[in-house]
Amino acid sequence: MSARKASKPLMHSKSNQKSPMTTPLTQILKQHCHVSDSDIEEALKVQEEKGGDIGSILIIKKVISEKQLLKALGIQYDIPFWAKLPLEAIGKDFAHKVPSSFLKKHQIVPLEKRSQNMEDGVSGGGADVLGFDMDSGGDGIFIASSDPDNFQPMDDLARLLGIDTYDMVLAPKDEIISAINLSYDFNRDSAEQLVQNMEESGSMIISEIEDTADLLDDTSDAPIIKLVNHIISQSIKARASDIHIEPYQESFKVRYRVDGILYDLLTPPKWIQASLISRIKVMAKMNIAEKRLPQDGRINLKIGNQEIDVRVSTIPTSFGERVVMRLLNKTSSLMTLSELGLDAEMLETVKKLVVSPNGMILMTGPTGSGKTTTLYAVLSSINSPDINIITIEDPIEYQIEGISQIQVNPKIDLTFARGLRSIVRQDPDVVLVGEIRDHETAEIAVQSALTGHLVFSTLHTNDSAGAITRLVDIGIEPFLISSSVIAVAAQRLVRVLCEDCKESHQPDETMLMTIGIPSEAIHASEVYRAVGCEKCFHTGYRGRVGIYELMLMGQELKSLILKSYDANRIMEEARKLNMVSLRQAGIQKVLMGVTTIEEVLRVTQT
C-alpha cells in the first residue's frame, strides 16, 4: 500500500485514485456481494431519476450493508477496508490540534501503525497498531475514512497534524465516530484537574456565573459545564446506574453507583456546590430559583452512539439541595430470558409459566433488584402479533416494539388503579402492572387474572412467601389469592467476578458454615475471590447477574393459604416442595465461579 503525499502541491498516490482500467463497482458488487442483475438495474433506474451514487441506493434498499459497500470500494480503489478500527491505535494527542466537529463532519480519524507490516484488513480483522505519536513525522499515520473520494479533508487534516504522508483505510461510519469520541474522551481533563483549575480562578468563575442569567447561555468552555459533562460521561463510562450529589456542612460529595455499590467519584470544594446543582437543574428544565421543594426532571443526552435518559430528582436538606441522577442507556438491548441467570430447570419452568392463558405472576424484591428488567425480558419472549400486551408503568424504562405502554401521571390522576381499569377494557391478553401499591390496584389486578388475562406485576417484599402476606395486608381475600396467583418469584442481583483478575482461593470453615456450603461441595468445585484491576475499576467485579427463588402455587400451597397466610409457614411448605431459596441459588453461582461468598451473603441476609 503506497502512501499519500500531503504536501504542496498535493499529489494523489496510486492507492487513492482510480486508474483508467478500474473494475466497475457494479461488477465487484455482483462478484463479491452477490448482488443480482435485477437489483443493479433497479438501482440504476433510481439513480437516473433521482441522482445519488449506486452504492448508497443499494444500502437504502437494504440490498447490501455499509460494510459490503466499503469492502467493494476497497477492492475498486485498492484501499484496505477495516470492519473494526483497533482501539489501541486511537490518537490521544491530535485532539489539541483538530476540532472534533471537523473530523465528524468529514467522517475521518487519524490512527498510527506500530509497524509497516499491516494486515490487509479486508476481512475485517483490523491491524497491528498502537498509540498515536505526533513525533512519527507522519510516515506511520493512517487516516480512516468512510468515503474513498474524501481527499481534500484528509489533506487538510494532514496539514493540521503537520505530517507529509499518510496511508488511507476505509472504515464504517459508526467505527469512525466511536474512534473520534474515544480519542477526545482520553484527552479530557480529569475531574480533579477541572476542580483544581476552578479553585485557581474561583472568584472569576463566581462572577461569571452571577452575571449569567441562564447557565445554558454560557459557552461549552465554562468550567461548571465542563465539570458536569465530565461527571456524567465518566459515570456512563464506568457503567454507573446513578449519580449522587450530597451536600454536607463543610463539603459536598459526588458519588456513583456501579453494580449496586456506591463509590466516591469526587469531593469538590463547598463553594462549587450551588453552581453545579444549578447547572444540572437547568439541563433538566427545573426551576433553579426553587430550592425549598423537591423537584423532578429529565435530561436526554447523546454520548457518541449512545442515547442516555437521565432522570433527575432533587430534595432540600439542611446544607443545600441533594441531587440524584438515574442513568438509563436507551441504546442497550433488552435482555432475553436465557441471559437473566436462571438455571436450565428454572428457565424451562418460567417458559411454561409465561405462556399461561390466565393468572397472576408476581416478581418481588427490593428497589434496584432487577424486577423490571426480568419482566421486560418475559414480555419480549412472548411478544408476537397475535397477542395484545398492554403495560402501565412508572416510569417506562424501555420502549418495546409491538407493546402498548402507559406512563403513570399523578398530576392528571392517571394512577396504576385508574390506568389498569381502562386497560381491561382494551381487550388485552397480557397486562403488566408496574407495581401493586394499594388495595384498588391489587383488586383490579386479581379480578383481571380471574377473568382470562395473564397479569404480571411487582411487589416490594423480601421473599416470595412474603408476597402472599403483603396481598392479604393490602386487603385481598386469601381465597382470591389462591385462585389467581400462579407463581411468585423473588430476585436479587449479585455482582459477577471480573474474568481478568479473579483468583481461586480456599474459604475458611466459618465462612462456609455461615453461607451453608457443605465442605465436600468445595472439593468438587473451585471458589474464587475478587481482586481488582483496571478493567473492573479495581472493584473485582464487572456486571451483575440475577439469582432467583420461584414459588409455584401448587395445590398444597393454595390449601395452606386458605388456612394461614403466615409467611414463615408458607416458606417452610414451599421448601418441602423442593423450592430453591435465594441463598441456595446464590450458592450455585459461587460453586460455578460466577460470584463470591461475600456477595451472596450481602444480598441474601434477612
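**Notes on the predicted model**

1. Starting with a loop: Pro395 sits between strand S12 (389-393) and strand S13 (404-407). The bond leading into Pro395 from Asp394 is one to check by eye, as this peptide bond is cis, with omega near -5°. Most peptide bonds are trans. Bear in mind throughout that this is a predicted model.

2. Two backbone oddities of another kind. Arg239, in the loop between helix H10 (223-237) and S5, has a positive phi of about 65° without being a glycine. Asn578 has a positive phi too, about 70°, and is not a glycine either; you'll find Asn578 in the loop between H21 and helix H22 (582-591). Most residues other than glycine have a negative phi. As for cover, Arg239 is partly exposed, with a relative accessible area of 35%, while Asn578 counts as exposed at 70%.

3. On to the overall picture. The protein has 606 residues, and 49% of them count as buried. Its secondary structure adds up to 23 helices and 19 strands. If you take the contacts with a separation of 6 or more, 66% are between residues 24 or more positions apart. The exposed surface is about 29700 Å², with carbon and sulfur atoms supplying 49% of that area.

4. Now the six-stranded sheet. It is open and antiparallel, and its strands go in the order S7-S6-S5-S10-S9-S8. Strand S7 (261-266) and strand S8 (295-303) each have a single partner strand, so each of these edge strands has one side without a neighbour in the sheet. On average, and ignoring direction, neighbouring strands are turned by 25° against each other.

5. A closer look at one end of that sheet: strand S6 (residues 252-258) runs antiparallel to S7, and five bridges join the pair. Within this pairing, Tyr256 faces Tyr263 of S7. Helix H11 (residues 273-283) packs on the sheet, with contacts to strand S5 (240-247), S6, S8, strand S9 (306-317) and strand S10 (320-329). The direction of H11 makes about 45° with that of S10.

6. Gln273 belongs to helix H11. Is this glutamine buried or exposed? With a relative accessible area of 7%, Gln273 is buried. Leaving aside residues up to four places away in sequence, Gln273 touches Pro247, Ser251, Phe252, Phe319, Gly320 and Glu321.

7. For the nonpolar interior, the largest core has 47 residues; the members touching the most others are Leu29, Leu58, Leu85, Leu103, Val109, Ala144 and Leu157. Take Leu58 as an example: apart from residues up to four places away in sequence, Leu58 is in contact with Leu29, Val35, Asp39, Ile40, Ala43, Val63 and Ile64. There is also a second, separate core of 39 residues, with Ile392, Val408, Ile423 and Met579 among them.

8. Last, helix H20 (residues 555-563). Which of its residues are buried? They are Leu557, Leu560 and Ile561. Viewed down the axis of H20, the buried residues fall within an arc of 100°, so they line one face of the helix. These buried residues pack against helix H16 (464-474), helix H17 (478-484), strand S19 (541-552) and helix H21 (567-576). The face of H20 turned away from the buried side carries Gln555, Leu562 and Lys563, which are exposed. Note that a leucine, Leu562, is included in that exposed set.

Note on methods. Residues are numbered from 1 along each chain as its sequence is written. This is a predicted model: local features need pLDDT of at least 70, side-chain atom pairs count only at pLDDT 80 or more; totals for chains, interfaces and linings use all residues. Side-chain values use heavy atoms; hydrogens and water are left out. Two strands pair if DSSP finds at least two bridges between them. Helices (H or I, at least four residues) and strands (E, at least two) are DSSP runs, numbered from the N terminus. Axes are lines fitted to C-alpha atoms, for helices over the stretch in contact, and angles run from 0 to 180 degrees between N-to-C directions. Contact means heavy atoms within 4.5 Å. A nonpolar core is a set of buried Ala, Val, Leu, Ile, Met, Phe, Trp, Tyr and Cys residues joined through side-chain atoms within 4.5 Å. Buried means under 20% relative accessible area, exposed over 50%, partly exposed in between (1.4 Å probe, protein chains only). The arc is that of the directions from the helix axis to the C-beta atoms. Accessible areas come from the Shrake-Rupley method with a 1.4 Å probe; for residues, only the protein chains shown count as cover.
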